[in-house]
Structure formats: structure tokens, C-alpha cells
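Let's take a walk through a protein together, looking at where its side chains gather and where empty space is left. Keep the picture in view as you read.

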Amino acid sequence: MLKPRIVHWVMKNYSRLEVDDYFLEMAILVGKRSTCRRRRVGCVLVDSNNHVVATGYNGVPTQFPHCLDVPCEGATSNSGEDLEKCLAVHAEQNAFLQLRSNDILTAYLTVTPCIPCAKMIANSKVKRIVANIQYNQSLATEILNKAQIKVDVHDVNNNQQNLSRGTK
């Protein structure tokens with residue numbers, strides 16, 4: 001049996017992951033399933049009750065050979081370049097294809113959305129995005145701001161918020 005002093009020490013030194021860190025870590029884990037050679041991206045869609053309603057990672061469409069096995073034309077391009085040569089379906093798109101919720105959502109992403117995904121998210125029930133890394137496409141940022149979607153870039157490795165913008 002544990003002595004009260006030991007229990008107090010354990011409870012005092014115990015820390016629980018913050019909600020954003022929890023879901024960002026989950027998005028990073030989901031991204032590890034990616035079959036894209038360029039970048040591993042994961043997405044976790046969470047409803048207003050903090051329940052996961054869908055996940056997605058970037059990879060080629062069903063029945064296509066994985067880019068890890070047979071590289072597409074865009075496999076060696078820098079991130080953000082030659083997107084038209086890349087066959088990957090983005091993590092956000094794959095998560096929305098699985099989505100069966102009509103609730104207000106938060107999207108946890110390993111990286112903020114590209115322009116096409118920002119447009120898709122702007123037309124959805126996502127009201128907040130929490131990402132681990134900022135993807136620098138100013139038009140994507142403008143689209144999300146105009147859609148009044150709050151974007152927080154939150155470095156889970158340093159466990160601190162780096163950037164917050166957008167509306168509530």
C-alpha cells in the first residue's frame with residue numbers, strides 16, 4: 001500500500017497532456033501512415049465533444065501503387081512545388097472522405113493547409129485548425145481568415161503555442 005506522502009508526490013509531479021497536444025500528437029502518428037515520399041501529413045477531425053470523428057493521411061488514391069514503391073513525378077520536388085505532378089490525396093481530403101459528423105469541428109494537422117485544402121476547409125464545419133508547423137502559402141492563410149477559421153500553430157515538441165491568428 002502506498003503511503004499518503006508518496007501518493008501526494010506522484011500526483012503533484014504528474015502532468016496530463018493538454019487537449020491540443022493530445023490531438024496534435026495523434027495527427028503526427030496518423031501522418032506516419034503516409035505513402036508520400038515528399039512529406040508525411042496527418043489530419044484528425046475532432047467534434048465539439050472532443051471525440052475523434054475522422055482521420056486521414058496523404059497518399060495516392062486506392063488501387064494506385066504507393067509512391068514509396070513507385071514514385072510519382074512529383075516525388076522529388078520540394079514541398080509546395082509541382083503539386084500537379086503529385087498523385088497524393090491530401091490528409092485533410094482523406095479525413096473529409098471518412099467524415100460522418102454534422103457537428104462543428106476542429107482540425108488537428110501536422111502542417112497548416114495548402115490552398116486547395118484551405119478552400120475545402122472554408123466550405124466545411126471546421127471552425128478551428130491546430131497545426132504543428134506553418135505551411136507558408138499566404139493565399140491559404142487569407143482564405144482561412146476570410147472564412148473566420150481560427151488557426152493556431154502549436155509546437156508539440158516545445159509544448160507551447162507559437163502563433164495564433166484568425167477569429168474566434
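A pocket is an open set of grid points with protein on both sides within 12 Å along at least five of seven lines. The model in front of you is predicted, and its largest pocket has a volume of about 230 Å³. Which residues should you look for there? Of the 15 residues lining this pocket, Y57, G59, V60, T62 and N94 lie nearest its centre. The strand β2 (52-57) and the helix α3 each give two or more residues to the lining. By class, the pocket lining holds 10 polar residues, five nonpolar ones and no charged ones.

Now turn to the enclosed space. A search of the whole structure turns up one cavity of 30 Å³ or more, and about 240 Å³ of space lies in the largest cavity. Its lining is made of 18 residues, with R39, V41, N58, H90 and Y135 nearest the centre. Here the classes are 10 nonpolar, five polar and three charged residues.

What about the places where side chains pack together? In soluble globular proteins, nonpolar side chains tend to be buried together. The largest nonpolar core here has 25 residues, and L45, I121, V126, I129 and L144 touch the most other members. Elements giving two or more residues to this core include β1 (42-47), α4 (115-122) and α5 (138-146), while β3 gives the most, with four residues.

Take I121 as an example: leaving aside neighbours within four places in sequence, I121 is in contact with E92, F96, P113, V126, I129, L144 and I149. There is also a second, separate core of nine residues, among them V30, V44, Y108 and V156.

Notes: Residues numbered from 1 in each chain as written. Predicted model: local features only at pLDDT ≥ 70, side-chain atom pairs only at ≥ 80, totals over all residues. Heavy atoms only, no water. Core = buried A, V, L, I, M, F, W, Y, C linked by side-chain atoms within 4.5 Å. Buried < 20%, exposed > 50% of the residue type's maximum accessible area, 1.4 Å probe, protein only. Contact = heavy atoms within 4.5 Å. 1 Å grid on protein atoms, 1.4 Å probe; cavity = no way out; pocket = protein on both sides within 12 Å on 5 of 7 lines; lining within 4 Å. Points joined across faces, edges and corners; volume = space filled by probe spheres on them. Nonpolar A, V, L, I, M, F, W, Y, C, P; charged D, E, K, R; others polar.
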